[in-house]
Amino acid sequence: MQLIGKTNFDFVGKRRTALIFSLVAVLGTTLLLTTRGLNLGVDFAGGTEIQLKFSKDVDANTLRNTMKEIGFDKASVQVFGEEGTSEYLVRVERMSLLTPEEHGQIVSELKGKHGEQVTVGDYDPNKGDAVEVISTEEIQRETFDTIVKDAGLALDEVRALRRGTGWQYTLILEGVSKRLTEQLEAQVGEGTVDLRRVEYVGPQVGKELRRRGFLSLFYACIFILIYLAIRFDFSFAPGAVVALAHDAFLAVGLYAVTGLEFNLTSIAAILTIIGYSVNDTVVIYDRVRENRQRFSGRGLSDLINQSINETLSRTLITSGTTVLALIGLLVYAQGTIRDFAIAMTFGILVGTYSTVFIASPMVLALEGLINKKLAKSSTARA
């Protein structure tokens, strides 16, 4: 199917303008990433994500004020789902209400009442709102209730286990989600809050997920470089990888510009953009290679222009239909799916641009560099 007739655009002739445009975009992205940074999701930053739905109208400000009352001044409150449905996504940077100071107070009071008979586990925010206690004598629930209440917290559950001559207790404190639900019900009415989802990610786990996410992008580019070097020629591979790195970096920049949450779904979106971009690049590279064999006497610049023009209709149809498929998600989807669709739409546009104006001219630049070195080497030998 041909979307447009035969064209003869001089794409290679616009490579310097495209290079300036890309350099400005990359520098702007670098500036944004170093000054503003990314809005890291719970996946990468660690913390708690809570999805709430109210059976009556509750505005986001009420929710924000409640989060401040329980100690989360920087909580993120985002409308989830359709407007007017009173459904929200709340994110806080911590997965536990327990602070080191409060943990220290619990330890101090337990030691004051039971001396060396008790041993309390170290403070570990990754364990959430839980305190481990080992005692050589039995301790009543009321004692724990009083100690935790004195620390300004509330006890939800005490798990006791008899071990040899002593006891092991796990004090489960009221966590972020339960405290938030109770506070909200006190304000807007009992039974009006539906706690739909709670996700916890510790800070160390978030850091490891972030490291592995960026490593996956790095290894994807390396393996694509190897694949292209084997399938085509070494002079083709760097251009494709530069274009991929360009697309991936600008996609990350999109998250910095828009403030969209950067999470594991974002990594999946960028990997998909890389895959899409390399597929587009390979199609044009294939045509360049074919035309090189058919028209061996012509210059590489003309061959690249001819190849891009010959595949232009296919490129526009592929990109256009993919974007059309994403429009439905952009209009109707919400939350992470919509963010994914935004990143993908941007990635398809940038990937198409980079295939034409970055990857292909890079082949020309590398060939010129190689020929220049060979000529200099021949002159030196003569």
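**Exercise 1. A salt bridge within helix H7**

Explain why Arg212 and Glu208 of this predicted model are separated by about one helical turn, and characterise the interaction of their side chains.

*Solution.*
1. Arg212 and Glu208 both belong to helix H7 and lie four residues apart, which means that about one helical turn separates them.
2. An α-helix has 3.6 residues a turn, so residues three or four places apart point the same way.
3. The two side chains, Arg212 and Glu208, form a salt bridge with an N to O distance of 2.8 Å.
4. Arg212 has a relative accessible area of 52% and is exposed, since the cut-off for that class is over 50%. Glu208, at 30%, is partly exposed.

**Exercise 2. Two further pairs and a network**

Determine the N to O distance of the salt bridge between Arg287 and Glu290, and that of the salt bridge between Asp194 and Arg196. State how exposed each partner is.

*Solution.*
1. Side chains of opposite charge can pair when their charged atoms come close.
2. For Arg287 and Glu290, the N to O distance is 3.6 Å. These residues are three places apart in helix H9, and therefore about one helical turn lies between them.
3. Arg287 is partly exposed at 27% relative accessibility, and Glu290 is partly exposed at 41%.
4. For Asp194 and Arg196, the salt bridge has an N to O distance of 3.1 Å. Asp194 is partly exposed, with a relative accessible area of 36%; Arg196 is partly exposed at 45%.
5. A search of the whole structure yields 13 salt bridges. Salt bridges also link Glu49, Arg91, Arg197 and Glu261 in a network.

**Exercise 3. The nonpolar cores**

Identify the helices that each supply at least two residues of the largest nonpolar core, and state which one provides the largest share.

*Solution.*
1. The largest nonpolar core has 47 residues, of which Leu228, Phe262, Ile270, Ile274, Tyr285 and Ile304 touch the most other members.
2. At least two residues of this core come from each of helices H7 (203-231), H8 (237-258), H9 (264-294), H10 (300-332) and H11 (335-381).
3. H9 provides the largest share, with 11 residues.
4. Apart from its neighbours within four places in sequence, Ile274 contacts Leu217, Cys221, Ile224, Leu244 and Ala248.
5. A second, separate core comprises 20 residues, among them Ile50, Phe54, Ala75 and Val90.

**Exercise 4. The buried face of helix H3**

Establish how the buried residues of H3 are arranged about the helix axis, and list the elements against which they pack.

*Solution.*
1. Helix H3 spans residues 60-69, and its residues Ala60, Leu63, Thr66 and Met67 are buried.
2. Viewed down the axis of H3, the buried residues fall within an arc of 125 degrees; therefore they line one face of the helix.
3. The buried residues of H3 pack against strands S2 (47-54), S3 (76-79) and S4 (87-92), and against helix H6 (176-188).
4. After H3 comes Gly71, with a positive phi near 100 degrees.

**Exercise 5. The environment of Thr345**

Is Thr345 buried or exposed, and which residues does it contact beyond its neighbours within four places in sequence?

*Solution.*
1. Thr345 is located in helix H11.
2. The relative accessible area of Thr345 is 14%; the cut-off for burial is under 20%, so this residue is buried.
3. Leaving aside neighbours within four places in sequence, Thr345 is in contact with Val323, Leu326 and Leu330.

Terms used
Residues are numbered from 1 along each chain as its sequence is written. This is a predicted model: local features need pLDDT of at least 70, side-chain atom pairs count only at pLDDT 80 or more; totals for chains, interfaces and linings use all residues. Side-chain values use heavy atoms; hydrogens and water are left out. A nonpolar core is a set of buried Ala, Val, Leu, Ile, Met, Phe, Trp, Tyr and Cys residues joined through side-chain atoms within 4.5 Å. Buried means under 20% relative accessible area, exposed over 50%, partly exposed in between (1.4 Å probe, protein chains only). Contact means heavy atoms within 4.5 Å. A salt bridge is a side-chain nitrogen of Lys or Arg within 4 Å of a carboxyl oxygen of Asp or Glu. The arc is that of the directions from the helix axis to the C-beta atoms.
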